[in-house]
Amino acid sequence: MSVAFTPWPAEFAERYRAKGYWTGDPLTDVVERHRGAEAEATAILCGERRFRYADVQRLSDRLAAAFQTRGLRAGDTALVQLPNRAEFYIVFFALLKCGVVPVNALNNHGAFELTAYARQIEPKLAVLAKGHPLVAADPAGAVAGSLTAGLDRLLLLGDPADDVIGSFAWGTGEALSAAPDAAPDHAVDASGVAFFQLSGGSTGTPKLIPRTHDDYLYSVRRSAELCRLDGGCRFLCALPAPHNFTLSSPGALGVFHAGGTVILAGDPGPATCFPLIERHRATWAALVPPMLSVWLEAAPGSAADLSSLEVVQVGGAKLSPAVAERVPERLGCRLQQVFGMAEGLVNYTRLDDDAWTVVNTQGRPMSPDDEVRILDPAGRPVSPGEVGELWTRGPYTFRGYYKAEQHNARVFDDEGFYCSGDLVAMAPGGNLVVCGRNKDQINRGGEKIDAQEVEDVLAGHPAVGHAAIVAMPDPLMGERSCAFVIAPPDTRPSELRRFLRGQGLADFKLPDRFVLVAELPKTAVGKIDKQTLRERVRHGLVDPIAQTEMTAP
Ligand code: OOB
């Protein structure tokens, strides 16, 4: 059994194999390739714990065998939500080794998101952390029961134990048993789905992106090569580990492939990260723009020695050139801009690019076979330097969301090009500059909010007639979210927030501001005119009488 997905047409698959992009190796090759003396190198530093490549191998083998003993089979799916801890990678590799296809939810996702993913993949296994609010609030009840086949397939991560396996227990309370030298019994088909990436979304339901071993491993290898990673790389992983940026651009998997060390941080703030950089002599870090700004503010006054830093990568949202310029002076290292997407295409500025390119552009595609088209609304290519919509296909860009035929028909053209919804312009040298967006999404400092998803949940509140959510410019976050809500004037924003939280929606999706209105502007065809709402926000023209500020939760 394998998970269904939209494959690349045969002639593309043949070309990608012939060019050596798709090697037929499983994604776990990033650790398995390190044998003998190489396997003694440190793969992961997590708090006071150190894991060699040999440890990651052995522990993920044991865990995979334990999953198989429990009846999990290739083609089954799993829902995983773990914090930035070594166990995240050990679980990930274990699942890959027995062909169980996971969705790795972000740690700040709530019951709403987890349930939406579970509905789509119908997981046979859920792996959650014991301390997570979801589990703490309802360890044996609705959450676990609705997500999985039952508590015997709910695996909970507890306090770190010496042998790692002992950190886990089944939802029934039973310990996870795994023989010390157990290994999974399964051959992986590298052309099949390895795991699901998460889409930022703009359609109301979170979409899942099937990523194959072949395509993902290629993106990891090519990223590591382009970034010139080697065994000396010490990568500070401070953003959520499952995100495509920190996982594969080149991220932890790229660092593993190169034989380097991943240093795990619980959060990306300087108070956590600066001491880790000093202690472990970190050489690389990946940040979203707002966190870069916080680092730039904190670095000059900090006593921490950051001199080991060689490169700070910034991506996930648009970085302003004024902030980009300050990186070398304040952090004493180089900047690399990364413009990527969980669906595939990743653009990088190169390490030897000139300063103008690194500061002002979001880089260029990593693969010679990435095909990029910038089109006007009529579908015609724009002239160089002009803004258009980004369409792309290539050896690691997917060909269809999971179980989403109607949506796929809208976002792919007849030739298999995917429309990312980004508005970009081509700068000299083939570099892309992100100029805006043509999708109903808010990019809150790199965290993507699907406007329609939140509007739908909000509309479930008895006082709400209708809601429309738009981006609100913000000096630190780039954007925050503003909800225009048709509701009685005495409706309290704090009540609306409480309601959304109660529905299990992730905290970062709660609107930063509510504006109560009597009606919403409409376009000529009767749709809500978000452009007008955005302009009202941008120009501060929000009706001062109807306006209601968010109150603290
Ligand atoms: C990364 O992936 P996602 O899937 O969370 O979000 C993708 C979207 C892009 O379509 C674009 O709208 C925005 O995030 N984005 C950027 C950007 N990087 C991503 N917008 C402007 N400038 C940038 N540098 O965010 C992601 C995946 C892999 C590597 C890096 C980021």
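What follows is a walk through a predicted model, from its division into domains, through the interface of two of them, to two individual residues.

The domain assignment of the protein chain gives three entries, of which domain 1 is made of two segments, 26–35 and 48–189, while domain 2 covers 218–439 and domain 3 covers 441–551. Taken over C-alpha atoms, the centres of domain 2 and domain 3 are separated by 29 Å, and contact between these two domains involves eight residues of domain 2 and nine residues of domain 3.

The interface of domain 2 and domain 3 can also be described by area, since about 720 Å² is buried between the two, with carbon and sulfur atoms giving 48% of that figure. On the side of domain 2, Pro290, Arg437 and Lys439 supply 61% of the area that this domain buries against domain 3, which is more than any other three residues supply. Arg437 appears again when charged side chains are considered, for its side chain meets that of Glu479 in a salt bridge, with an N to O distance of 2.8 Å. Across the interface of domain 2 and domain 3 the rule finds one salt bridge, and it also finds five residue pairs in polar contact, both residues of each pair being at pLDDT 80 or more. Helix H12, residues 289–298, contributes three residues to the side of domain 2 that touches domain 3, and this is the largest share of that side. Sorted by class, that side of domain 2 has four nonpolar, two polar and two charged residues.

Within domain 2, what is the setting of Thr357? This residue is found in helix H15, which spans residues 355–360, and Thr357 counts as buried because its relative accessible area is 7%, where the cut-off for buried is under 20%. When neighbours within four places in sequence are left aside, Thr357 is in contact with Thr349 and Asn431.

The second residue is Pro102, which lies in strand E4, residues 101–104. Is Pro102 buried or exposed? With a relative accessibility of 0%, Pro102 counts as buried. Leaving aside its neighbours within four places in sequence, the contacts of Pro102 are Ala78, Val80, Phe92, Leu95, Ala194, Phe195 and Phe196. One of these, Ala194, is 92 residues away from Pro102 along the chain, yet the C-alpha atoms of Pro102 and Ala194 are separated by 7.8 Å.

Methods: Residues are numbered from 1 along each chain as its sequence is written. This is a predicted model: local features need pLDDT of at least 70, side-chain atom pairs count only at pLDDT 80 or more; totals for chains, interfaces and linings use all residues. Side-chain values use heavy atoms; hydrogens and water are left out. Helices (H or I, at least four residues) and strands (E, at least two) are DSSP runs, numbered from the N terminus. Buried means under 20% relative accessible area, exposed over 50%, partly exposed in between (1.4 Å probe, protein chains only). Contact means heavy atoms within 4.5 Å. Domain bounds come from an automatic or database domain assignment. Buried area is the accessible area (1.4 Å probe) that two parts lose on being put together, summed over both. A salt bridge is a side-chain nitrogen of Lys or Arg within 4 Å of a carboxyl oxygen of Asp or Glu. A polar contact is a pair of N or O atoms within 3.5 Å; within protein, one must be able to donate a hydrogen and the other to accept it, and residues adjacent in sequence count only if both atoms are side-chain atoms. Ala, Val, Leu, Ile, Met, Phe, Trp, Tyr, Cys and Pro count as nonpolar, Asp, Glu, Lys and Arg as charged, and the others, Gly among them, as polar.
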